[in-house]
Structure formats: C-alpha cells, structure tokens
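Dear colleague,

I am passing on a structure that I should like you to look at, and below it I set out what was found. Please read the notes with the model open beside them.

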Amino acid sequence: MLSAALRDGTAGRRSVFEAFGRRLPDGRRYGVVAGTGRLLDALADFRFGDAELSFLREHKVVDEPTLEWLSSYRFTGDVWGYAEGEVYFPGSPMLIIESTFAEAVVLETLVLSILNHDTAIASAASRMTAAAEDRPCIEMGSRRTHEEAAIAAARAAYIAGFTTTSNLEAGRRYGVPTTGTAAHAFTLLHDDERAAFQSQVDTFGTDTTLLVDTYDVTNAVNLAIEIAGPQLGAVRLDSGDLLQQAREVREQLDSLGATSTRIVVTSDLDEFAIAALQAGPVDGYGVGTQLVTGSGAPTAGLVYKLVAREDSSGELLGVAKKSKDKTSIGGRKYAFRRRDPRGVAEAEVIGIGAAAANDPSTGLRTSADDRTLLVPLVEHGERVFTGTLDDARKRHTTSRGELPPTARQMSRGEPVIPTLYQREEKERMS
C-alpha cells in the first residue's frame, strides 16, 4: 500500500485511522483498554534500520523509492485515545491516529498486536477482580504463554486490579509488585515435608506461604503450624475440591490458633471459579492459564481502519468500508460517556466529524454528567501523555465503578450500555 501510494501521489494525503472493536467478545458486557503505554513506547522507537531495509531490498518487498522513504521514517502526526484502564464498548474509538496516509498505514500491525493482546488480558482480568471483590488476585501465568507476552500480561492484569505478579521482569520493567510461593518440586527435593517447610521458614520467616497439598493436606497444615507457629503468613492449595478444602483448612487453622493465617488457592482458576470460591474462606487467588489466554477471548478483536482522508479541496472526507458484516462508520470520532445524575453510565456517545455541543443541529447533547473519553497522547510526533501505571489502575477502578451493577454479572449478556452514534442520538431526541 505504501509503495503504491508513494508512486501515485496519494501517500501524503492527510488521513485519520481508528482502532476499535466492532463487537465485544461473545457474551462480555464491557472491555478494558490496555497496552496504550506500551504502544507509545514502541511508537517512539519505530524505525527502519539497516538490517530491516536490507531484508526488504534483498527480498524485493518494496522498490527503492519506498526504501528511501522508510529510511528516514519518523511519526510526526497526532494520536488521541482512551487512556489505559478505561472501559470500552462496541464502536468505541479507542485510538485515533491523524497523520499522512504513509505515516499511519505502516503502524497497523504495531497498533493491533499490542492493543489486541493487552486489552484482551485486561478485560479478562477485570472480570476476575470483579468476581473476587476485595480479595486479592495474583498473576501467575508466565509459564503458560510467550516470554514477552507474559510480561505484557502481568502489566495488563495489574491495570485491571490484580495486586501482584510472579513475573520478576514485569516488576523490573514496569514496577508491578511481585510475589511468589514455592512449588511442589521444593517439597519433593527434601527427604520429607518437615524438612522442606523448615527450610522455607528458616529462609523467609514465618510470613511465608507454604504449599500444603503435595501429600496429605491435613498433616501438612498441622506440620506447617508446628514449624512456623500461629503467625504463619499463608498456606496454598493447588488441587482437589478447592472450596471444600478451603473450608476444612480454615477450620483446622482456627483450631490451631492460626486465625490470621491466610488461605491462597490456585489451579486453573477463571472468573467463574473465583465467583464460586467466594462462598468459601479463601483469602486470595493465584491465576495463570486462563488469565494470560484471555479466559476464552485471547484477542479483543480490534481493527485498524481508515475513517477519513483529505479530498482534492483539502477538506477531510469520511470514508467507510461497506462489506457485509464488516461495515465501519466513516468520519473522525469524538466520544463521551453519558451518565445519569448519580454518576451511573447510561451510554457511550460517539460524535462524528465534530465534538458534541449543546446544539440540536449537531445531533448530540451534553450535560454536566457527561465525561469526555478521548485524551491527547501524541502531538506532532511527540508524546504528551504522561500517565503512570498506577494512574491506569485507579482509572480502571473508577471507570468500572460507574457502570451499572449488571456489568459485574458473570452470565453471558449484551454490552451493559449501548453505543449511540450522532444520527442515533438525534433520532432519540426527536
């Protein structure tokens, strides 16, 4: 596309690209934006060096004029988007890139590979933390995905409410709090369970977490409290009927005076298992496989489409795909969340071509309860958004908190609020 546009003279046309999802994963009621910070980091470093240009030349992917253009590539346009941690719905303009066609079109894979992955993980993580309520969730999925995806998943999960990760690189690179426990291999290394527990307590103190289901849970709990005393930090259960075992272990711990010792459960948990375990005395959840694979939705299904481009007179002209089942809506978008006087979200309202104003001719109305969603991320090629990971985490708590209560339901359903475009809102007002 770039080579042909450079050849025919359209590469420099002012264009607007948009990343959005036509729908949420089947049955989901909302999604969570994540990966924007990683994308902005990647965009700042997006270059075609000697190695990349040599590959393109040797394999005759593009012609020499295109190679020359790529050799000096720097993004100089503007980027707007939903800030990380924000919830989104079908049609939400999560990312808007305004630049020349040439500068923007080569970013499609970069944008979608980061946002689709991180948004899928954050969306699954949000359902899990919603189900867990005030009980902490620990990200433990590094061994179930690609090594770089594991780091990104830990970051995305933290945005959506997970408290810690077992991935130390996520801690080093992004500042995500880290934690971990011993595996069964550590117990099996020793001559008996007593020796394993004693070694762990001697090394890490009594606030450590002991894995008690290698052999016999009841005997292991007795041994754990005998060695560490009633101040033992936690025990971990990783197999069997977790709900029933948690109840039995809680009763046993209390009888031994270890009333403050926590119970952490692991073992292929998802949001449905967490919701079921809420009926038991569980103090925390370690989640791995289901989290890092999106809990049934490994991609957010986002697309990257040209929605406006400069016409012969220099004006922006909305353009849209009309293919069956894959239509898009043309025009530069503006978005806000309609809320009632109590602050509860009612709709995702998308203006086309102009921001909403208190003017019926725009087809949109605003009120003091409406919240603008798009924020500037990049201006003239320079990053202007400086929000931190903890800002994103707080934003998610606030954004999810303003949704109607049905957003937390685990049952399959439609998006919890509708998406209204300019023309639809006009029809509602008339």
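**Pockets, cavities and the elements around them**

The second largest pocket has a volume of about 310 Å³. Of the 19 residues that line this pocket, Ile 138, Thr 179, Thr 209, Arg 262 and Val 264 are the closest to its centre. Strand S9 (234-237) and strand S10 (262-265) each supply at least two residues of its lining, and by class that lining divides into 5 nonpolar, 10 polar and 4 charged residues.

Before going further, I should say that this is a predicted model, in which local features need pLDDT of at least 70 and side-chain atom pairs count only at pLDDT 80 or more, while totals for chains, interfaces and linings use all residues. Residues are numbered from 1 along each chain as its sequence is written, and side-chain values use heavy atoms, with hydrogens and water left out.

The terms for empty space are as follows. On a 1 Å grid over the protein atoms alone, a cavity is a set of points where a 1.4 Å probe fits but cannot get out, whereas a pocket is an open set with protein on both sides within 12 Å along at least five of seven lines; lining residues have an atom within 4 Å of a point. Grid points are joined across faces, edges and corners, and a volume is the space filled by probe spheres set on the points. Ala, Val, Leu, Ile, Met, Phe, Trp, Tyr, Cys and Pro count as nonpolar, Asp, Glu, Lys and Arg as charged, and the others, Gly among them, as polar.

The largest pocket has a volume of about 500 Å³, and among the 21 residues that line it, Met 140, Arg 143, Arg 144, Arg 236 and Asp 238 lie nearest its centre. Its lining comprises 5 nonpolar, 11 polar and 5 charged residues.

As for enclosed space, the count comes to 3 cavities of 30 Å³ or more. The largest cavity holds about 50 Å³ of space, and its lining includes Leu 24, Arg 28, Tyr 88, Thr 119, Ala 120, Ser 123 and Thr 299. By class, the lining of the largest cavity has 7 nonpolar, 4 polar and 1 charged residues, and helix H6 gives the most to it, with 3 residues. The second largest cavity, with a volume of about 40 Å³, is lined by residues that include Leu 39, Val 79, Ile 97, Leu 107 and Val 111. Here the lining has 9 nonpolar, no polar and no charged residues; helix H2 (36-44), strand S5 (95-100) and H6 each supply at least two of them, and H2 gives the most, with 3 residues.

H6 therefore deserves a closer look, since 22 of its 25 residues are buried (under 20% relative accessible area, with exposed meaning over 50% and partly exposed in between, for a 1.4 Å probe and protein chains only), so that this helix is largely enclosed by the rest of the structure. H6 covers residues 108-132 and reaches 36 Å from its first C-alpha to its last, close to the 36 Å expected at 1.5 Å a residue, where the expected span is 1.5 Å times one less than the number of residues. Just after H6, Glu 133 takes a positive phi of about 55 degrees.

Helices (H or I, at least four residues) and strands (E, at least two) are DSSP runs, numbered from the N terminus, and two strands pair if DSSP finds at least two bridges between them. Strand S14 (residues 333-339) is mostly covered, with 5 of its 7 residues buried. S14 runs antiparallel to strand S15 (residues 345-352), to which 7 bridges join it, and Ala 335 has Ile 350 of S15 as its bridge partner. The hairpin of S14 and S15 has 5 residues between the strands, and in this hairpin Gly 343 takes a positive phi near 90 degrees.

S14 is also joined by 2 bridges to strand S16 (residues 371-372), again antiparallel, with Phe 336 opposite Thr 372. At 59% relative accessibility, Thr 372 counts as exposed. Leaving aside residues up to four places away in sequence, Thr 372 touches Ala 335 and Phe 336, contact meaning heavy atoms within 4.5 Å.

For the whole protein, there are 16 helices and 19 strands, and 50% of the 430 residues count as buried.

With best wishes
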